[in-house]
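Me: I am new to this structure and would like to learn how to read it. Please take me through some of its features one at a time.

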Amino acid sequence: MSAIEVENLVVRIGRATLLSDVNLYVEPGTWCTVIGPNGAGKTTLIETVAGLRTPTSGTVRMSGDVVSAMKESERAKRVALVPQHPVIPVGMSVKEYVALGRIAYHGPLRSPRPHDRDVVDDVLERLSLADFAYRDVATLSGGERQRAVLARALAQGTMVVVLDEPITGLDLRHQIATLELLQREVHECGLTVLATLHDLTLAGQFADRLVLLSRGELVLDGPSAEVVRSVELADAYEMDLRVVNVDGGDVVVPVRH
Amino acid sequence: MAIEQAPARGRDRVVDPPATGSSGSPERARVIIVSVATVLALVVAVIVGLVVGPTSIGTWRVVGALVAHLGLGHSTLSPLQSTIIWQLRAPRMVLGLLSGAMLAVAGATYQGVFRNPLADPYLLGVAAGAGLGATIAIVDVGGGLSTPSWTPALAFGGALVAVVVTWAIGGRGLRSNTSTLILSGVAVAALLTSTQTYLQQQSSANTVARVYIWLLGSLASASWSSVTLVLPYVVVCATICVLAGRALDVMSVGEDESRSLGLPVARVRLVVVAASSLGTAAVVSAVGLIGFVGIIVPHVVRLVVGTSYRKILPLSVGVGAAFLVFADTIARTIVAPSELPLGVVTAIVGAPVFVVILSLRRPVST
């Protein structure tokens, strides 16, 4: 059974069709990255898989269960979201921020249980945030902040994490560090990842599979090495793209004419 | 900044707590100090509310009577003094405590649920609805000298109707979001206020004056019956608001992220808005429109103890209660035997205090 099953998914807002008959299956413990130009429907797909949007038709399932039929607390135990532009509250410590990921377990009327606190401490340590635990999360640097957002998602204890452009605004070193951190969670903890990325080189290097969306339709779905070399990719971006292999890794380079 | 490659761990593996020293202690100490100060302020407010007045009664005699009322010792008050304390000052003081507590906690709750620092308990039309209800009651008796006895009932009804209409327009209940609710509140308030203005414009100068006095708010007509009417609403609604602290902390990351974390945002919003509005409507129907408490007290508390609603909400209850009793004491004594409108005093006293605290500490968001 797939960790994420998207079947015949259609999402419309008013007369605009954001996603049209999308089918996607992500196996447990694998990393699938959705690529595509602006307006392709990547964020809509991520938000629908995370349960924040209700499909117009079609279904999204997590290990066989329909996401849109789940209660919020149940859904939060099955799938965690890292949004593209997370809201960072002022005056909240990193530890309190990460602990928000446990609200589905202890509920909004109760204090975190010892187990919830242990999970938060564990995540803080795994993501090297323990030294920042009592810092105001709003005072962190961009890279540290992104790790805190990721830590909050991991504190949810889900086997599926969906991420919308998780490296937006980070410098190159922190982009790689964030993606390596995520990759470690996939390899060592069996996490299933569905992410969107604009950087085609990093998308190809970190994902097991790439899915190309264009104008709300799924155009191509396959191994990273094949998708980055496909004609469909160049057509979707309406650009001439070259792939250069550097030390065994594919680098996607746009060609200016 | 290097990101360490920590050793492999299971997803839910338990580890020793990080060595964080006592970084969290100063904040905890500040909250304890503020909590103790709030309790002391409440005790002082109760005593001041009972002691201060045109008839001089010694502080210790009033404290003695208070203690005797709790079953310890004997009261040394004369029958007249006893009547002044227990039938005039005590209900006024208790109604002040209840009103201040409710308005402050409702304001804090609104600021949290709408993530808007300008939100106050009147945001969704409570003030406009209550104002129209009271105006209808006062206009109905024409040139009479006193405010009719059914004014609180009509004010309460008007406030509730306004909030219900706002909620119905603001996005069909559970599907609504905070922006549409606020905008529909603005529209409903504008409609009701203009209706009220029309009614006033059609009335005599005497009627307009009585409406105006009611709108400014006062505890002058407080009695044990008004306390009895307001008490259950305040106890239930303020308790619900305080219990919502953790949910409001989660909502500080926005509605979508709160939902993805597992919080039933629409239900939380419905419950806390209903509790805040119902409690505010009950208070407003008894004391009129007292401004400033609902917006200034939560901000003062926030500036002192930080942004967590688990701390802001219970402290707002205590600070709001004490603040309104102190403000009422000033209102009824500073130009005695006349009284200043309570809303004027809350603003005159509250604004400088707020400005001082604001200048001493960095501003923080909701």
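**Reading the model**

Reply: Start with one residue: Thr228(B) lies in helix H8 (residues 224-243) of chain B. Helices (H or I, at least four residues) and strands (E, at least two) are DSSP runs, numbered from the N terminus. This is a predicted model, in which local features need pLDDT of at least 70 and side-chain atom pairs count only at pLDDT 80 or more, while totals for chains, interfaces and linings use all residues. Residues are numbered from 1 along each chain as its sequence is written, and chains are lettered from A and ligands numbered from 1 in the order in which they are written.

Me: Is Thr228(B) buried or exposed?

Reply: A residue is buried if 20 or more other C-beta atoms, placed from the backbone, lie within 10 Å of its own, exposed if 12 or fewer, and partly exposed in between. Thr228(B) has 10 C-beta neighbours inside 10 Å, so it counts as exposed.

Me: What does helix H4 of chain B look like by the same reading?

Reply: Twelve of the 15 residues of H4(B) are buried, so to speak mostly covered. Among them are Val126(B), Leu132(B) and Ile138(B). The buried residues pack against helix H5 (151-169), helix H6 (178-201), helix H7 (205-216) and helix H11 (265-287) of chain B; here contact means C-beta atoms, placed from the backbone, within 7 Å.

Me: How does the length of H4(B) compare with what it should span?

Reply: The expected span of a helix is 1.5 Å times one less than its number of residues. For the 15 residues of H4(B), 126-140, that gives 21 Å, and the end C-alpha atoms are 21 Å apart, which agrees.

Me: How is a sheet read, and which strands form the open one in chain A?

Reply: Strands of a sheet pair through backbone hydrogen bonds, either parallel or antiparallel. Two strands pair if DSSP finds at least two bridges between them. In chain A, six strands form an open sheet in the order S6-S7-S8-S3-S9-S10, with mixed pairing. Strand S6 (79-82) and strand S10 (217-223) of chain A stand at the edges with a single partner strand each, so one side of each is left without a neighbour in the sheet.

Me: Which pairs are parallel, for example?

Reply: Strand S7 (residues 160-164) and strand S8 (residues 192-196) of chain A run parallel, joined by five bridges. Asp164(A) stands opposite Thr196(A) in S8(A). Strand S3 (residues 31-35) of chain A also pairs with S9(A) in the parallel sense, over four bridges, and Cys32(A) stands opposite Arg209(A) there.

Me: Where does the antiparallel sense appear?

Reply: S9(A) and S10(A) pair that way over six bridges. Leu213(A) stands opposite Leu218(A) in S10(A). Their hairpin has two residues between the strands, and Arg215(A) takes a positive phi near 50° in it.

Me: What covers the faces of S9(A)?Reply: In a regular strand the side chains alternate between the two faces of the sheet. Both faces of S9(A) are covered: Arg209(A), Val211(A) and Leu213(A) on one side are buried, as are Leu210(A), Leu212(A) and Ser214(A) on the other. Six of the six residues of S9(A), 209-214, are buried, so this strand is largely enclosed by the rest of the structure.

Notes: Two residues are in contact if their C-beta atoms, placed from the backbone, lie within 7 Å.
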